[in-house]
Amino acid sequence: MKIRKQKIRIAYFSMEIGLDSRIPTYSGGLGILAGDTIKSCADLNVPVIAVTLLYRKGYFYQKIDEQGQQQELPYEWNPRKFLKLLPRKVTVTIEGRTVSIQAWQYRVSGIDGYSVPVILLDTDVPGNSEYDRNLSYYLYGGDEKYRLAQEIILGIGGVRMLKELGYHRINRYHMNEGHASLLTLELLRDRKRQEEPIWDVDGVRRMCVFTTHTPVAAGHDQFSYDLVTQVLAEFIPVDFLKQLGGEDRLNMTLLALNLSHYINGVAKQHGKVSQKMFPAYDINSITNGVHSSTWVCDSFKGLYDKYIPGWKNDPFSLRYALRIPKEEVWNTHQEAKKLLIDYVNEKTNAGMDYETLTIGFARRTTAYKRADLLFFDTGRLINIAQNVGKIQLIFSGKAHPKDSPGKELIKKIITTSGQIKDNIKIVYLEDYNIELAKMLISGVDLWLNTPRKPREASGTSGMKASHNGVASLSILDGWWIEGCIEGLTGWAIDSVLDTESIDEKDAHSLYEKLELVIIPTFYKHREMWIDIMRHSIAINGSFFNTHRMVQQYVLHAYL
Ligand SMILES: *Cc1c(COP(=O)(O)O)cnc(C)c1O
């Protein structure tokens, strides 16, 4: 179906969008969420256009050496293979230089043929300086100035490009996280009036929607006004900018808050935490989801097609999974597990087997996600594996190039795996991406998540697992507060809020759950285990999907 530009009313802006493993323009959950959102919009015929940057060198390609040292290689890919270069250009001013921006288009095709355009902005244009050509090379690379310049390209360049491309009827601008909030300034300039007040703040606010993803103030993007003045000059008067974005520093979250009529966190708890952080604003919550047909593995797709026809565009109907015979659920999972174990053995020569309880942990490797919590007391872990039931562990995830503690975590897991390999097999798979994630979340028996409370705004990988009948063992934070029904959709690690002994206490609860409940259920009460698998699908798959989420955005934020 041809895109009718006049029909498109909503622009979705995101610093990263993850659509396909071969297009490396994402780093983690935020980008995957953006991609899944667009896919559901395409399935549901929501008149959206998405805007992001191109990233010719991607995030990075991850290699890990035998010591566990992460190496970051530029990701080689050819945009021409997947995207179409559009014939229009716009400019923005960065440090007084005129920077030319071109646009590439990707189309996300929905289930009934409707397609959503994704615009990827690119400054690697002849005539731009070397520095400026590099601005759209690396996702989350470079220094503060580089980041601010990228946000100018995304926010200001993005609004200009949409206009240049003929999308004249856009009346909703959705900022997925604060990185895009400079778009509000371009809209203000667009609507500047002769009479007082010259700035149409209310008008811009009516058009803007803001989704925050960060539950701690330190995580919000901020720039000093010195830098802002140097890079952006007097784009709008600094005194006025300070009223909108903060007195001391330009806080991108604050800017978005001040110029949006609808603001939301990404899970119920996160909405509450954000409301406390910003009491002057009215903050809602729309809990994240995942795109069901992207994240259901092939074997489960076959099973759902047989028992729940139409589930792809109606994932609410996954509730009927309770009627699928247990044996078929189990056999379907074994197929997915076999694919994963074969892959692991081929890549790593770990010699994992199909029968052992297999636990997966994969996500951005950063300190608060505590990939090493399971190794808090390795003696105890070995003891459990020897006396209660065998386990094998599969890890994956990239650490940001500048995140030294994150990189240390990877080393620690590799070192530990060497030390305890006689008792517990552990692998760390390189270069976590969409493809690998799909194999992992469907192939393991248990999905583990151990963030330090209250840092996890939502988390989405557990939602992907539940779509494949894989239960979670997780800290009660983010989405899991809503998704966990103890012993029915998975298990909670009882967590305390940030205190000095939080790691010790959380680890203790984690071991206890494994020892007393999970491992015995897996090996001795298989019927009960399969019942939990079915409830993961029926209760969590049917709800934690982007079809439900997008419908909430349409009703509450876009209309
Ligand atoms: C889903 C996904 C994530 C997010 O995982 P969380 O556990 O929600 O942090 C990160 N990276 C990839 C490749 C994913 O598919």
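The following exercises, each with a worked solution, concern the domains, a pocket, two strands and selected backbone features of a predicted model.

Residues are numbered from 1 along each chain as its sequence is written. Local features need pLDDT of at least 70 and side-chain atom pairs count only at pLDDT 80 or more, while totals for chains, interfaces and linings use all residues, and side-chain values use heavy atoms, with hydrogens and water left out.

**Exercise 1. Domains**

Task: State which domains the protein has, and how many residues each gives to the contact between them.

Solution:
1. The domain assignment gives domain 1 (10-288 + 551-558) and domain 2 (293-543); such bounds come from an automatic or database domain assignment.
2. The centres of the two domains, taken over C-alpha atoms, are 31 Å apart.
3. The contact takes 41 residues from domain 1 and 35 residues from domain 2, where contact means heavy atoms within 4.5 Å.

**Exercise 2. The second largest pocket**

Task: Describe the volume of the second largest pocket and the make-up of its lining.

Solution:
1. The search uses a 1 Å grid over the protein atoms alone; a pocket is an open set of points where a 1.4 Å probe fits, with protein on both sides within 12 Å along at least five of seven lines, and lining residues have an atom within 4 Å of a point.
2. The second largest pocket holds about 720 Å³, the volume being the space filled by probe spheres set on grid points joined across faces, edges and corners.
3. Its lining consists of 26 residues, and K347, T348, V427, Y428 and L429 lie nearest the centre.
4. At least two lining residues come from each of β3 (61-64), α13 (326-348), α15 (404-420), β16 (425-429) and α16 (434-443). Helices (H or I, at least four residues) and strands (E, at least two) are DSSP runs numbered from the N terminus.
5. Strand β16 supplies the largest share of the lining, 5 residues.
6. By class, 12 lining residues are nonpolar, 5 polar and 9 charged. Here Ala, Val, Leu, Ile, Met, Phe, Trp, Tyr, Cys and Pro count as nonpolar, Asp, Glu, Lys and Arg as charged, and the others, Gly among them, as polar.
7. Domain 1 and domain 2 each contribute at least three residues to this lining.

**Exercise 3. Strand β7 and its partners**

Task: Determine how far strand β7 (residues 115-122) is covered and in which sense β2 and β6 pair with it.

Solution:
1. In β7, 8 of its 8 residues are buried; buried means under 20% relative accessible area, exposed over 50%, and partly exposed in between (1.4 Å probe, protein chains only).
2. S115, P117, I119 and L121 point one way, V116, V118, L120 and D122 point the other way, and all are buried.
3. Strand β2 (residues 48-53) runs parallel to β7 and is joined to it by 4 bridges; two strands pair if DSSP finds at least two bridges between them. Across this pairing, T52 stands opposite L120.
4. Strand β6 (residues 97-109) pairs with β7 in the antiparallel sense over 8 bridges, with R107 opposite P117.
5. The hairpin of β6 and β7 has 5 residues between the strands, and G113 there takes a positive phi near 100 degrees.

**Exercise 4. Strand β15 and residue S461**

Task: Establish the setting of β15 (residues 391-396) and identify which residues S461 contacts beyond its sequence neighbours.

Solution:
1. All 6 of the 6 residues of β15 are buried: I391, L393 and F395 point one way, and Q392, I394 and S396 the other.
2. Strand β14 (residues 357-362) pairs with β15 in the parallel sense over 6 bridges, and A362 stands opposite S396.
3. S461 lies in helix α17 and is buried, at 11% relative accessibility.
4. Leaving aside neighbours within four places in sequence, S461 is in contact with A362, R363, I441 and W447.

**Exercise 5. Backbone features in loops**

Task: Locate the cis peptide bonds at P197 and P454, then state whether A233 and D431 are buried or partly exposed.

Solution:
1. The cis bond between E196 and P197 has omega of about -15 degrees; P197 is in the loop between α5 (183-190) and α6 (201-207).
2. The cis bond from K453 to P454 has omega near 5 degrees; P454 is in the loop between β17 (446-449) and α17 (461-467).
3. A233, although not a glycine, has a positive phi of about 55 degrees. Found in the loop between α7 (225-232) and α8 (238-245), A233 is partly exposed, with a relative accessible area of 42%.
4. D431, also not a glycine, has a positive phi of about 55 degrees. D431 is placed in the loop between β16 and α16 and is buried, with a relative accessible area of 8%.
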